[in-house]
Amino acid sequence: MSKISIIIPVYNVEKYLKRCLESIINQTFKDLEIICINDGSTDNSQKILYEYSSKDSRIKIINQQNSGLSATRNKGTSFASGEYISFIDSDDWIDLDFYEKLYTSAKKYDADIAVAGIIRLNEHRKKFYLNFTEEKIYTNTDEKFKICDVPDVNYVWNKIYKLEKIKNLDLKFEEGIVYEDLIYTPQVIYYLNKLVTVPNTYYYYWRTPNSIVANKSKGFKNDMKYAKNLASDFIKAHNINVENHTTKIKRFKLLGTTIFKIRSKGEKKQYILFNIFKIGKIN
């Protein structure tokens, strides 16, 4: 049994896949099970996977018809056999000490979850989404949600989780929708008890022009609304206090068009004119 199972859904990412795989196979922590699920790719992604698996026996490839990100992650979880499990999107990458630092901290405190920082990038910009300055344990539910910035930063992939607890709880991603992280992440943080923050290592979230979050279609918007509502219902049903660290937006419209909005988070406010000009800053 490997110490960490890594689930990598792969769908038409030939441009970015090698960067992702290189960051994983060159980890300073070597005891990894790398499960790559080719979700019906029509480009050279499958060829790249077999190229890498021929050089690294830790890589396992599962080919399937296109089923979507949620179904792919669920299948990967069912195949995983590690002590901990991790999810990585195939257009992203991680620091080379990512798993060494997360696993060391998790074992040190017998934590169910170890969480790292997030840096979001595109071709023009780099931004810290999460940045931890100390290794610290959290067991209080409200504190876990606050330190992970949930529901604002509702991502599954900057963490490792105890696989046995994931399977015992039968936690799964809802299939047939996008924005599945919004539903899964609050549940896993709530149900798994001890969480440790890990400083000075990062998950790099690459924002592509064709990414899910950039898609403005009606179907994707409906999925986002559905997922946000389910996440909100779960948080309210379990009396989790996220009020002081959740971003709120107040819009001012003219003839149906937003001309001015105020984005607030705690005591911080940002004023935005025409969705372009920003005055003030949210930290």
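This briefing describes selected features of the structure shown above. The structure is a predicted model. It holds 13 salt bridges, and the count of aromatic pairs comes to 20. The points below take up helix 3, the salt bridges, the aromatic rings, a strand hairpin, a buried loop residue and a nonpolar surface patch.

**Helix 3 and its cover**

- Helix 3 spans residues 69-79, and its buried residues are Ser70, Ala71, Thr72, Arg73, Asn74, Gly76 and Thr77.
- Several strands help to cover these buried residues, including strand 1 (4-10), strand 2 (32-39), strand 3 (59-64) and strand 4 (84-87).
- Helices also contribute to the cover of helix 3, among them helix 6 (163-169) and helix 7 (181-191).
- Arg73 has a relative accessible area of 1%, which is under the 20% limit, so this residue of helix 3 counts as buried.

**Salt bridges around Arg73**

- Side chains of opposite charge can pair when their charged atoms come close.
- Arg73 forms a salt bridge with Glu180, and the closest N and O atoms of the two are 2.8 Å apart.
- Because Arg73 lies in helix 3 and Glu180 in the loop between helix 6 and helix 7, this pair ties together parts that are 107 residues apart in sequence.
- Glu180 is buried, as its relative accessibility is 4%.

**Salt bridges around Asp112**

- Asp112 meets the side chain of Lys162 in a salt bridge, with an N to O distance of 3.8 Å.
- Lys162 belongs to strand 9, whereas Asp112 is in the loop between helix 4 (98-109) and strand 6, so the salt bridge ties together parts that are 50 residues apart in sequence.
- Lys162 is buried at 16% relative accessibility, and Asp112 is buried at 2%.
- Asp112 also forms a salt bridge with Lys165, where the closest N and O atoms are 3.1 Å apart.
- This second pair links distant parts of the chain, with Lys165 in helix 6 and Asp112 in the loop between helix 4 and strand 6, 53 residues apart.
- Lys165 is partly exposed, because its relative accessible area of 34% falls between the limits of 20% and 50%.
- Elsewhere, salt bridges that share partners join Arg73, Asp89, Glu180 and Asp181 into one network.

**Aromatic rings**

- A pair of aromatic rings is described by the distance of the centres and the angle of the planes.
- The count of 20 aromatic pairs includes Phe98 and Tyr99, whose ring centres are 5.1 Å apart and whose planes stand at 85°, so the pair is edge-to-face.
- Phe98 is buried, with a relative accessibility of 0%, and Tyr99 is buried with a relative accessible area of 0%.
- In the pair of Trp157 and Tyr205, the ring centres are 5.2 Å apart and the planes are at 45°, so the pair is tilted.
- This tilted pair links distant parts of the chain, since Trp157 is in the loop between helix 5 and strand 9 and Tyr205 is in strand 10 (residues 195-206), 48 residues apart.
- Trp157 counts as buried at 2% relative accessibility, and Tyr205 counts as buried at 8%.
- Trp157 and Tyr205 belong to a cluster, linked by ring pairs, together with Tyr129, Tyr155 and Tyr203.

**The hairpin of strands 6 and 7**

- Strand 6 (residues 113-121) and strand 7 (residues 126-130) run antiparallel and are joined by four bridges.
- The two strands form a hairpin, with four residues between strand 6 and strand 7.
- Leu121 has Lys126 of strand 7 as its bridge partner.

**A buried loop residue**

- Asp149 is located in the loop between helix 5 (141-147) and strand 9 (159-162).
- The relative accessible area of Asp149 is 11%, so this loop residue is buried.
- Apart from its neighbours within four places in sequence, Asp149 is in contact with Leu130, His245 and Lys265.

**A nonpolar surface patch**

- Phe252, Leu254, Leu255 and Ile259 make a nonpolar surface patch of about 410 Å².
- Leu255 is placed in the loop between strand 11 (248-254) and strand 12 (257-265).
- Leu255 is exposed, because its relative accessibility of 84% is over 50%.

Terms used
Residues numbered from 1 in each chain as written. Predicted model: local features only at pLDDT ≥ 70, side-chain atom pairs only at ≥ 80, totals over all residues. Heavy atoms only, no water. Pairing = 2+ DSSP bridges. Patch = residues over 30% accessible without salt bridge, like charges linked within 9 Å, V, L, I, M, F, W, Y side chains within 5 Å. Areas by Shrake-Rupley, 256 points an atom, 1.4 Å probe, with all protein chains shown as cover. Salt bridge = Lys/Arg side-chain N within 4 Å of Asp/Glu carboxyl O. Buried < 20%, exposed > 50% of the residue type's maximum accessible area, 1.4 Å probe, protein only. Contact = heavy atoms within 4.5 Å. Phe/Tyr/Trp six-rings, centres within 6.5 Å; stacked < 30°, edge-to-face > 60°.
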